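Here's a quick briefing on how some helices sit together and where some greasy surface shows up. Have a look at the fold first, then read on.

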Amino acid sequence: MRPLAAVIPALMGAAALFGLCGWVAYAQISNLAEGGITETPAQQSLLVLCYAPLLAWAPLLMVSAIAYYRRRTAVCPARA
């Protein structure tokens, strides 16, 4: 399998996840949802605590896709 066949969809997915996370953050801050998601500061803290690991998904996907590409396209030195 060619490395770009896996790397390009992974990077596109990471870009989509970055966009989705940005839109959700904007919607939460701007109160675009009817009635809001949280009512108290404790609920908001719990929401942030539960969703914090998901925020790492896009950067980790991007880093792993780039590392995969670099590993698959690296030129191996000739063995003596």
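Helices here are DSSP runs of H or I with at least four residues, numbered from the N terminus. Keep in mind that this is a predicted model. Two topics follow: a helix pair and a surface patch.

**H2 against H3**
- Helix H2 covers residues 41-55 and helix H3 covers residues 57-73.
- Their axes come within 5 Å and cross at roughly 15°.
- Angles under 35 degrees count as roughly parallel, so H2 and H3 are roughly parallel to each other.
- On the H2 side, the contact is made by Pro 53, Leu 54 and Leu 55, and on the H3 side by Trp 57, Ala 58 and Pro 59.
- Sorted by type, the contact residues come out as 6 nonpolar, no polar and no charged.

**The nonpolar surface patch**
- Leu 11, Phe 18, Met 62, Val 63 and Ile 66 make a nonpolar patch of about 400 Å² on the surface.
- Helix H1 (3-30) and H3 each chip in at least two residues of this patch.
- H3 gives the most, with 3 residues.
- Met 62, one of the patch residues, is found in helix H3.

Key:
Residues are numbered from 1 along each chain as its sequence is written. This is a predicted model: local features need pLDDT of at least 70, side-chain atom pairs count only at pLDDT 80 or more; totals for chains, interfaces and linings use all residues. Side-chain values use heavy atoms; hydrogens and water are left out. Axes are lines fitted to C-alpha atoms, for helices over the stretch in contact, and angles run from 0 to 180 degrees between N-to-C directions. Angles under 35 degrees count as roughly parallel, over 145 as roughly antiparallel, 65 to 115 as roughly perpendicular and the rest as oblique. Contact means heavy atoms within 4.5 Å. Ala, Val, Leu, Ile, Met, Phe, Trp, Tyr, Cys and Pro count as nonpolar, Asp, Glu, Lys and Arg as charged, and the others, Gly among them, as polar. Patches are made of residues with over 30% relative accessible area and no salt bridge: like charges are joined within 9 Å, nonpolar side chains (Val, Leu, Ile, Met, Phe, Trp, Tyr) within 5 Å. Accessible areas come from the Shrake-Rupley method with a 1.4 Å probe; for residues, only the protein chains shown count as cover. A salt bridge is a side-chain nitrogen of Lys or Arg within 4 Å of a carboxyl oxygen of Asp or Glu.
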